Amino acid sequence: MNDDAKLSAIRNRIDEIDLQLQQLISERAGAAQEVARIKLKEDPQTEFYRPEREAEVLRRIKERNQGPLQDEEVARLFREIMSACLALEQPLSIAFLGPDGTYTQEAVLKHFGHSVHTEAMGSIPDTFREVEAGACQYGVVPVENSTEGVITHTLDTFVNSPLRICGEVSLPINHQLLSRETSIAQIKVVYTHAQSLAQCRGWLDQHLPHVERVAVGSNAEAARLATEIANAAAIAGEAAAEIYQLGLLASNIEDEPGNTTRFLVIGKQDSAFSGDDKTSIMFSTHNKAGGLHTMLTPFAEHNISMTRIESRPSRRGRWDYLFFVDVEGHRSDDNLAAALSEIEQAATQFKVLGSYPKAVI
């Protein structure tokens, strides 16, 4: 068999596989509709999105993958199939820190897939309020960046919000230099968010040392300005380039290659146990020697790993602080439940912000 015949045979086999895949996807979608019918019969107010269930499914998909596609690629393919099937059961609306084209919107689509409706909000508190009011089922907000640190507005908003954390998303942040112009030599001003300016300072110093740098409200806003102003460029993500139809002048210009932002999924319900979870809490303690040590001791005594701690002024008095802590495990775990009970008894203020599956993809 010559090469042309071999190629023809392989293409025919691919067509056969595509037909089988399409039939199986349709069968899966039909099963999802049947699930919806049964659930609605039992409870008209039922929640169809189950973060713990989706995390379990995606983990199994990665575990049984044998290549040649990488685990992350296979998980993303199934993420989109699951998203489309969920939309048949219950279309989801997700609020996010906008406008369109921000990294937060990319985080929404990475976590929920593209079969959701996204609602751009003007601020982090607006995102919380949209979910609290029931206009959107869930929201996505940034909480920390690996190079620039914690997003204080997000932590502060949790203090008075009834919402829970029900998921997390880790998104590698790759900054692109975008413009209508065709050459870097034409650029006289660069627009971007203040954090992006900080994350790309070294590259800008080397390649555009004499160009004006202007901080704006978001990278998406920077992209919009670059479409309207001559000799302007924006630092933003690939999604903004597509939305605002800008050309790529330079790619991956961030100074730290491992730059990553962590986002939180917020909703009205906790996530159930998934087998690989985190729990986030907020507490304050008496202002005395050893107060914080006393609060954290139950974690060590119950063999619980703490992954993050941040402090914020409580605004109840001078030098009074709230502490935000992430730990391994689900609040329903016996050892974590015991530790949380001890901490609550010793705290002057205490709240479990949520237990949720660790990011899978």
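Helix packing, cavities and unusual backbone spots

Helix α11 (residues 291-301) packs against helix α12 (residues 334-346), with the two axes 9 Å apart and an angle of about 165° between them. Angles over 145 degrees count as roughly antiparallel. That is why α11 is described as roughly antiparallel to α12. The model is a predicted one, and the features below are read from it in turn.

In the pair of α11 and α12, the crossing is right-handed. From α11, the residues that take part in the contact are M295, P298, F299 and E301. They meet L336, A339, L340, E342, I343 and A346 of α12. Sorted by class, the residues of this contact are 8 nonpolar and 2 charged, with no polar ones.

The next pair is α2 and α3. Their axes lie 9 Å apart, and the helices pack at an angle of about 145°. Here too the crossing, of α2 past α3, is right-handed. On the α2 side the contact is made by E54, V57, L58, I61 and K62. On the α3 side it is made by D71, E72, V74, A75, F78, R79, M82 and L86. This contact of α2 with α3 has 8 nonpolar residues, 5 charged residues and no polar residues. In the loop between α2 and α3 sits P68. The peptide bond that joins G67 to P68 is cis, with an omega of about 5°.

Helix α3 (residues 71-89) also meets α4. The axes of α3 and α4 come within 8 Å and cross at roughly 85°. Angles of 65 to 115 degrees count as roughly perpendicular, and α3 and α4 are therefore roughly perpendicular to each other. In this contact R79, E80 and S83 of α3 meet L109, K110, H111 and F112 of α4. The residues involved divide into 2 nonpolar, 2 polar and 3 charged. A cis peptide bond is also found in the loop between β1 (93-97) and α4, where P99 lies. It joins G98 and P99, and omega is about 5°.

Which elements each supply at least two residues to the lining of the largest cavity? They are α2 (51-64), α4 (103-112) and β5 (164-172). The largest cavity holds about 170 Å³ of space. Its lining has 17 residues, and those nearest the centre are A55, L58, H111, E168 and V360. Two of these have appeared above: L58 in the contact of α2 with α3, and H111 in the contact of α3 with α4. By class, the lining of the largest cavity has 10 nonpolar, 2 polar and 5 charged residues.

There are 2 cavities of 30 Å³ or more in the model. The second largest has a volume of about 50 Å³. Its lining includes V143, L155, F158, I165, R262 and L264, and also S280, R308, F324, V325, D326 and L353. Two or more of the lining residues come from each of α6 (152-158), β11 (260-267) and β14 (321-328). Strand β14 gives the most, with 3 residues. The lining of the second largest cavity divides into 8 nonpolar, 1 polar and 3 charged residues.

One last backbone detail concerns Q245. This residue lies in the loop between α10 (238-244) and β10 (247-250). Its phi is positive, at about 55°, although Q245 is not a glycine.

Key. Residues are numbered from 1 along each chain as its sequence is written. This is a predicted model: local features need pLDDT of at least 70, side-chain atom pairs count only at pLDDT 80 or more; totals for chains, interfaces and linings use all residues. Side-chain values use heavy atoms; hydrogens and water are left out. On a 1 Å grid over the protein atoms alone, a cavity is a set of points where a 1.4 Å probe fits but cannot get out, and a pocket is an open set with protein on both sides within 12 Å along at least five of seven lines; lining residues have an atom within 4 Å of a point. Grid points are joined across faces, edges and corners, and a volume is the space filled by probe spheres set on the points. Helices (H or I, at least four residues) and strands (E, at least two) are DSSP runs, numbered from the N terminus. Ala, Val, Leu, Ile, Met, Phe, Trp, Tyr, Cys and Pro count as nonpolar, Asp, Glu, Lys and Arg as charged, and the others, Gly among them, as polar. Axes are lines fitted to C-alpha atoms, for helices over the stretch in contact, and angles run from 0 to 180 degrees between N-to-C directions. Angles under 35 degrees count as roughly parallel, over 145 as roughly antiparallel, 65 to 115 as roughly perpendicular and the rest as oblique. Contact means heavy atoms within 4.5 Å. A crossing is left-handed if the near helix is turned anticlockwise from the far one by less than a right angle, and right-handed if clockwise.
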